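Here are a few worked exercises to try with the viewer open. Have a go at each task before reading its solution.

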Amino acid sequence: MITSHPSQEALLDYAAGRLGAGPALVLETHLSLCAQCRDLVRDLEALGGALLVSEQAVKLSPDAFARTLAMIDAAPVPKRQLAAKPRPSGHNWPAPLARHATGRWRFLHPRLRWQRIVLPEDPKANVIMLKVAAGQAVPQHGHSGREFTQVIAGGFSDATGSYAPGDFIEADAALEHQPVADHDGDCIVLASVEGSLRLGSWLGRLAQPLIGL
């Protein structure tokens, strides 16, 4: 049973298209697993549409269309980016995650593995999956920006509570924590980090350049 959900602010940002590609992927992954939040997003999108319809029409200048076309012609042509192809992994990932290349699990520690998620629309997005062995602690850390985390498999606990598959966790610069995987199996999470992590252990500081966070 999913007990931890995105905040209303995060859902509103998603519905309004204000989230970056990385946070949007993590939240969309949660929506694929959570009917309650899907319904809330549909309501928010419907409300946004109703507000647009209720807006008073503004008369455009006679040359507005021509000026719009001129701005389009003057805009630089973006470089074509090939869509990343999902790679077979032997794991039944949620649909939004399965659409993206995940690469291979990379070594951080004998009981910690990670892989970067490739987002062609934003190659600089800091999105990773982390696999933590049963009972293993993640290095203690804080955040310089917002972090979205979605539990894909297994579970973990930290100072804020205990989380199971489907749960969504938001963290900001005020949180300092050390998640510990549950003892009954490996924990896999999907995480998007805005800004960088503040790592408090030698292992974390050693790993930070490797994962780019």
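**Exercise 1: the chain as a whole**

How much area does the chain expose, and what share of it do carbon and sulfur atoms supply? Then add the burial, the fold elements and the range of the contacts.

Solution. Keep in mind that this is a predicted model.
- Step 1: the exposed area is about 12400 Å², and 58% of it comes from carbon and sulfur atoms.
- Step 2: the chain has 213 residues, of which 40% count as buried.
- Step 3: go through the fold elements and you get 6 helices and 12 strands.
- Step 4: take the contacts between residues at least 6 apart in sequence; 66% of them join residues at least 24 apart.

**Exercise 2: the nonpolar cores**

Work out which elements feed the largest nonpolar core, and what surrounds Ile-117.

Solution.
- Step 1: the largest nonpolar core holds 26 residues, and Leu-27, Ile-117 and Leu-190 have the most contacts inside it.
- Step 2: at least two residues each come from α1 (8-15), α2 (21-33), α3 (35-54), β3 (127-132), β5 (147-153) and β11 (187-193). The biggest giver is α2, with 5 residues.
- Step 3: leaving out residues up to four places away in sequence, Ile-117 touches a set that includes Leu-25, Leu-97, Val-127, Met-129 and Leu-190.
- Step 4: a separate core of 14 residues lies apart from this one, with Leu-108, Ile-169, Cys-187 and Val-189 among its members.

**Exercise 3: helix α2 and a serine that touches it**

Compare the span of α2 with the expected one, list its buried residues, then look at Ser-192.

Solution.
- Step 1: α2 has 13 residues and runs 19 Å from first C-alpha to last, close to the 18 Å expected at 1.5 Å a residue.
- Step 2: the buried residues in α2 include Gly-22, Pro-23, Ala-24, Leu-25, Val-26 and Leu-27. Further along, Thr-29, His-30 and Leu-31 are buried too.
- Step 3: Ser-192 is found in strand β11. Its relative accessible area is 2%, so Ser-192 is buried, the cut-off being under 20%.
- Step 4: skip residues up to four places away in sequence, and the contacts of Ser-192 include Gly-22, Pro-23 and Val-26, along with Asn-126, Arg-146 and Phe-148.

**Exercise 4: salt bridges**

How many salt bridges are there? Pick out some pairs, and say where their partners sit and how exposed they are.

Solution.
- Step 1: the count comes to 5 salt bridges.
- Step 2: Asp-13 pairs with Arg-18, with the closest N and O atoms 2.9 Å apart. Asp-13 counts as buried at 12% relative accessibility, whereas Arg-18 is exposed at 52%.
- Step 3: Glu-28 and Arg-99 meet at 2.8 Å, N to O. This pair links distant parts of the chain, 71 residues apart: Glu-28 is in helix α2, Arg-99 in the loop between α5 (95-98) and β1 (106-109). Glu-28 is partly exposed, at 25%, and Arg-99 is partly exposed, at 45%.
- Step 4: Arg-146 and Glu-194 form a salt bridge at 3.4 Å, N to O. Arg-146 lies in the loop between β4 (141-143) and β5, and Glu-194 in the loop between β11 and β12 (197-199), so the pair ties together parts 48 residues apart in sequence. Arg-146 is partly exposed, at 23%, and so is Glu-194, at 31%.
- Step 5: shared partners join Asp-13, Arg-18, Arg-146 and Glu-194 into one network of salt bridges.

Methods:
Residues numbered from 1 in each chain as written. Predicted model: local features only at pLDDT ≥ 70, side-chain atom pairs only at ≥ 80, totals over all residues. Heavy atoms only, no water. Core = buried A, V, L, I, M, F, W, Y, C linked by side-chain atoms within 4.5 Å. Buried < 20%, exposed > 50% of the residue type's maximum accessible area, 1.4 Å probe, protein only. Helix = DSSP H or I, 4+ residues; strand = E, 2+ residues; numbered from the N terminus. Contact = heavy atoms within 4.5 Å. Expected span 1.5 Å × (residues − 1). Salt bridge = Lys/Arg side-chain N within 4 Å of Asp/Glu carboxyl O. Areas by Shrake-Rupley, 256 points an atom, 1.4 Å probe, with all protein chains shown as cover.
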